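This report describes one protein model for a reader who meets it here without prior acquaintance. Please have the sequence and the three-dimensional view at hand.

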Amino acid sequence: MVTVTAAPPAHAWTADPYAVALRAGRGPLYLLRADGRRLPLDVERWCAGPDVADLSVLGHCRGGVLDIGCGPGRMVAALARADHPALGIDTAPAAVARTRDSGGAALLASVFQRLPAEGRWGSALLMDGNLGIGGDPAALLRRVAGLLAPGGLLLAETAATEVDERFEARLDAGSGVAGPAFAWARLGPGALRGLARRGGWSPVAQWTVADRAFTALRHREP
Ligand SMILES: C[S@@+](CC[C@H](N)C(=O)[O-])C[C@H]1O[C@@H](n2cnc3c(N)ncnc32)[C@H](O)[C@@H]1O
């Protein structure tokens, strides 16, 4: 059975600071938290080709790959160059445009909307902190379980440190003009493993490359 979770607002990442940064291919861009703390976003790396850490994730991909929150699409474009079937989805038109320009297939859509090939993807990616999408990682994991084929793999990038946070954030280019508030989350490897086990997932691999941490998870059948 396919579960479609109630969609959180998808407009947050369509705000100007993100579109401007993606068009320019560089920051500065931050997640500005309600408590005033700023988390830098690595727009330059997202807009470059896959680095050694990204390549380690690409090496785990099996079957058709759904890159959830693909941003400017470096992973989808690399898979396309290797003739590996892949689709990026993103709610930001600038991200979808950049992904397509770099040769990847991309759809302007939220992960919480109905999507092509639900229940048939071999792998799903949640890169660069995308476990935070929607601010409720348990709901996101449930949604991803419904997108994957039986035995499919979720390849998720966690925070490198042990954090487990839910918070409101806005996108901020450092200019004092921030976009609308949206819910986000940050999970370290231990927090993801705990949440995943409770949601019926089994961790199958965990690795760190260049200070970036990844976990591969497989869902234990419906
Ligand atoms: C932290 S950025 C990650 C960037 C990306 N992985 C990359 O390689 O550039 C989060 C991305 O998720 C997208 N996003 C946010 N909410 C989403 C949703 N509900 N469904 C799909 N994408 C979403 C944003 O537009 C943004 O591109």
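A search of the whole structure finds 3 aromatic pairs, where rings of Phe, Tyr and Trp (its six-membered ring) pair if their centres lie within 6.5 Å, and planes under 30 degrees apart count as stacked, over 60 as edge-to-face and the rest as tilted. Y18 and W46 form one of these pairs, which is edge-to-face, with 6.5 Å from centre to centre and 75° between the planes. This pair links distant parts of the chain, as Y18 belongs to helix 1 (residues 16–24) and W46 to helix 2 (residues 43–47), 28 residues apart. Helices (H or I, at least four residues) and strands (E, at least two) are DSSP runs, numbered from the N terminus. Y18 is buried, with a relative accessible area of 4%, and W46 is buried at 8%; buried means under 20% relative accessible area, exposed over 50%, and partly exposed in between (1.4 Å probe, protein chains only). The ring centres of F182 and W184 lie 5.8 Å apart with planes at 90°, so this pair is edge-to-face. F182 and W184 are both buried.

The model is predicted: local features need pLDDT of at least 70, side-chain atom pairs count only at pLDDT 80 or more, and totals for chains, interfaces and linings use all residues. Residues are numbered from 1 along each chain as its sequence is written, and side-chain values use heavy atoms, with hydrogens and water left out.

**The open sheet**

4 strands form an open sheet in the order 2-1-8-9, with antiparallel pairing; two strands pair if DSSP finds at least two bridges between them. Strand 2 (38–40) and strand 9 (182–187) stand at the edges with a single partner strand each, so one side of each has no neighbour in the sheet. On average, neighbouring strands of this sheet are turned by 45° against each other, direction ignored; the axes are lines fitted to C-alpha atoms, for helices over the stretch in contact, and angles run from 0 to 180 degrees between N-to-C directions.

The pairings within the sheet are set out below.

| Strands | Bridges | Opposed residues |
|---|---|---|
| Strand 1 and strand 2 | 3 bridges | L32 and R38 |
| Strand 1 and strand 8 | 4 bridges | R33 and A169 |
| Strand 8 and strand 9 | 6 bridges | R166 and A185 |

In a regular strand the side chains alternate between the two faces of the sheet. Strand 1 (residues 30–33) has a covered face with L31 and R33, and an uncovered one with Y30 and L32. In the hairpin of strand 1 and strand 2, 4 residues lie between the strands, and G36 takes a positive phi near 90°.

**Charges over rings**

The charged end of R33 sits over the ring of F167, 4.1 Å from its centre; a charge sits over a ring if NZ of Lys or CZ of Arg is within 6 Å of the ring centre and within 35 degrees of the ring normal. R38 lies over the face of Y30, at 4.9 Å from the ring centre.

**The protein as a whole**

The protein contains 7 helices and 11 strands. Its radius of gyration is 16 Å, which agrees with the value near 17 Å for a compact globule of 222 residues. Of the 222 residues, 52% count as buried. Along its principal axes the C-alpha trace spans about 45 × 35 × 35 Å.

Terms used:
The radius of gyration is taken over C-alpha atoms; the globule rule is 2.2 Å times the number of residues to the power 0.38.
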